[in-house]
Each structure stands twice: as structure tokens, then as C-alpha cells.
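User: Could you take me through one part of this model in some detail? I'd like to hear about the second largest cavity, and then about what surrounds it.

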Amino acid sequence: MTVTCPRCGTRYRAPAAGPREGASYRCTRCRAVFHPDEPTPGNADEGEPEFVFEDLPPPQPEREPATENPRRSRKEAPEPPAIDGADPARFAMRLIVIVTLLYGLLSIYLYTHPSVIRATVGRIPLIGSGLTETRLSPQSVRITNLKGEYVRVLGDHLVFAISGSAVNATTGAVRGVQIQGKIVGQAKEDRQTIFCGTPPPVLENRSLQDILLFQKLHTPPDWSLAPGEQTPFTIVFTSPGTDLRTFAVEVVAVQASRRRPGDVGTTARAGG
């Protein structure tokens with residue numbers, strides 16, 4: 001007795017006892033599962049393949065092959081080899097070395113070329129000229145014709161005035177000359193600083209307010225004192241007291257003139 005697969009037509013020889021009722025069979029060629037209700041009689045010598053049927057468990061649905069989790073694949077994938085120079089610590093070290101070398105070269109160049117610094121900083125608007133001032137020794141200017149006296153001004157106020165002349169003792173023009181006066185009494189000491197270059201006022205015709213304003217005046221930007229020339233000055237103390245014992249004057253600041261040959265400006269002339 002033979003049975004035939006309904007899908008591919010392959011015939012099989014059933015066991016001698018015949019297929020059991022309700023049994024399921026699977027084709028070994030196409031894997032189809034079928035239920036042979038009535039086996040087809042046939043000749044066992046026809047040359048067909050002979051197979052022995054066995055009871056099979058109920059067919060199970062075929063499972064789809066599991067797909068690989070892309071996240072897991074990315075995690076399990078080997079990391080690319082590190083590129084030389086990509087280490088942050090090594091990169092930072094190289095950067096520090098390069099910056100240090102550049103700073104050293106720049107420092108050497110600026111130290112050997114101070115005029116470059118002065119010219120560059122001098123171009124800064126508003127503050128450039130002040131940053132590039134060339135300071136001179138206070139001994140560059142000498143004080144002559146010094147005297148001090150009490151003077152009554154408008155409003156019957158008594159003030160103490162120190163007057164004299166500032167002489168340029170250098171071989172070049174100077175500017176920004178500041179002179180500080182000092183008076184010492186029994187109870188206190190007072191100091192006052194003025195700029196040279198502004199003509200002293202006639203104190204008898206001035207009020208205290210005018211004198212205080214005069215003390216704060218700066219010299220014109222183009223004013224300078226030529227070599228060997230002198231300019232008068234007056235320092236006024238508005239609350240001197242009547243117990244003064246001594247007074248003194250000293251030069252506290254001198255700057256080199258920025259004027260070049262051919263520049264037109266205000267220059268102090270010799271005077272008494």
C-alpha cells in the first residue's frame with residue numbers, strides 16, 4: 001500500500017499494518033504535512049522510493065530567523081584604533097609648547113625693538129598718547145627764584161603763596177612738569193601740586209574760588225619747555241594758618257616732549 005504527497009506527488013510505502021486513522025505525515029521532500037485518509041494501492045516493485053511512516057507530532061509554525069539587534073551590533077562592534085595625536089592630553093601639551101615658544105620669540109622681539117611697542121600703543125585712540133609718555137627724572141627741571149609770602153585776596157581772605165621759576169636743565173624739550181609745594185605749621189602740614197605752563201594770576205584780584213580753579217588747570221597739550229628756558233609758577237594754600245614754620249618745593253614729574261622738528265606749538269620763553 002502506498003500513499004502520495006498531495007503537494008509534490010511523491011509516493012511512499014505505508015507500513016504493513018497500514019496508516020493509523022487520524023495520523024499526520026510529513027513529506028521528506030517538500031516537508032508538507034498531510035493526512036492520508038485512504039492510501040493508494042500500488043505495487044512495491046515499481047521502483048519508487050520506499051519509506052516507512054512514523055507518527056509525527058502536530059506541525060509547528062515555522063519561525064522566522066531572528067534578526068540581529070542593531071544596537072547590540074553597534075555595542076559589540078570593535079572600536080576603531082586610536083589615531084596618533086588624537087589623545088586630548090597629548091594635543092594640549094603640544095599646544096602649550098607652541099604657545100610658549102611663540103610668546104618667547106615675541107618677547108625677545110619687543111624687548112629689542114621698544115620703538116615698535118611705543119608706536120603701536122600710541123595709535124590707540126584717547127589713551128594711546130598717555131601710555132607712551134617718556135618719563136624723565138625730576139632732576140631734569142631745577143627750581144630758582146623761590147619765595148613764599150602771605151597775600152590777602154578778594155573777600156579779605158589770607159592765603160600763602162609760593163612762587164618761583166622752573167628751568168629745563170636737559171638737552172631736549174620737556175612737558176608735563178608738575179611741582180609740589182609743602183607748608184609746615186605747628187599743628188599741621190599741607191601739600192599742593194600744580195602743572196607748570198599756565199601764567200600765574202594776580203592773587204590780589206582773585207577770589208578763593210578762582211584760585212582753587214587755577215590750581216587744577218593743566219597745561220595745553222602742545223606746551224613744552226625748551227632746553228635752558230624757564231617758566232614761572234605759583235602755588236597757593238587757601239587755609240595756611242598763621243603759625244607756619246617752613247615751606248618747600250620739589251619737582252615730582254617731568255615728561256619728554258612729543259614735538260618733532262617742524263611742529264608748531266607753545267614754548268615757554270625765558271622770564272623772571
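Analyst: Here is a walk from the cavity to the core and on to a few single residues.

First, some ground rules. This is a predicted model, where local features need pLDDT of at least 70, side-chain atom pairs count only at pLDDT 80 or more, and totals for chains, interfaces and linings use all residues. Residues are numbered from 1 along each chain as its sequence is written, and side-chain values use heavy atoms, with hydrogens and water left out.

The structure holds two cavities of 30 Å³ or more, and the second largest has a volume of about 50 Å³. A cavity here is a set of points, on a 1 Å grid over the protein atoms alone, where a 1.4 Å probe fits but cannot get out; lining residues have an atom within 4 Å of a point. Grid points are joined across faces, edges and corners, and the volume is the space filled by probe spheres set on the points.

Who lines the second largest cavity? Ile194, Phe195, Thr198, Phe214, Gln215, Leu217, Pro232, Phe233 and Thr234 do. By class that gives six nonpolar, three polar and no charged residues, with Ala, Val, Leu, Ile, Met, Phe, Trp, Tyr, Cys and Pro counted as nonpolar, Asp, Glu, Lys and Arg as charged, and the others, Gly among them, as polar. β9 (189-195), α5 (208-215) and β11 (230-237) each supply at least two of the lining residues, and the largest share, three residues, comes from β11. Helices (H or I, at least four residues) and strands (E, at least two) are DSSP runs numbered from the N terminus; the chain has five helices and 13 strands.

Phe233 turns up again in the largest nonpolar core, which has 18 residues; Phe233 is among those with the most contacts inside it, along with Val141, Ile162, Val177, Ile179, Cys196 and Ile235. At least two core residues come from each of β7 (157-168), β8 (174-185), β11 and β12 (244-256), and β8 gives the largest share, four. Such a core is a set of buried Ala, Val, Leu, Ile, Met, Phe, Trp, Tyr and Cys residues joined through side-chain atoms within 4.5 Å. Buried means under 20% relative accessible area, exposed over 50%, partly exposed in between (1.4 Å probe, protein chains only). Buried residues make up 28% of the 272 in the chain.

Val177 is a handy link between core and cavity: leaving aside neighbours within four places in sequence, Val177 is in contact (heavy atoms within 4.5 Å) with Val141, Ile194, Phe195, Cys196, Val251, Ala253 and Val254. Two of those partners, Ile194 and Phe195, also line the second largest cavity.

Now for Glu250, which lies in strand β12. Glu250 is partly exposed, at 42% relative accessible area, and touches Gln178, Ile179, Gln180 and Arg191, not counting residues up to four places away in sequence. The C-alpha atoms of Glu250 and Ile143 are 7.7 Å apart, with their positions 107 residues apart along the chain.

Ala169, in the loop between β7 and β8, is likewise partly exposed, at 43%. Beyond its neighbours within four places in sequence, Ala169 contacts Ser140 and Arg142.

One backbone oddity to finish. Most residues other than glycine have a negative phi. Asn145, in strand β6 (residues 141-153), has a positive phi near 55° and is exposed, at 52%.

Technical notes: On a 1 Å grid over the protein atoms alone, a cavity is a set of points where a 1.4 Å probe fits but cannot get out, and a pocket is an open set with protein on both sides within 12 Å along at least five of seven lines; lining residues have an atom within 4 Å of a point.
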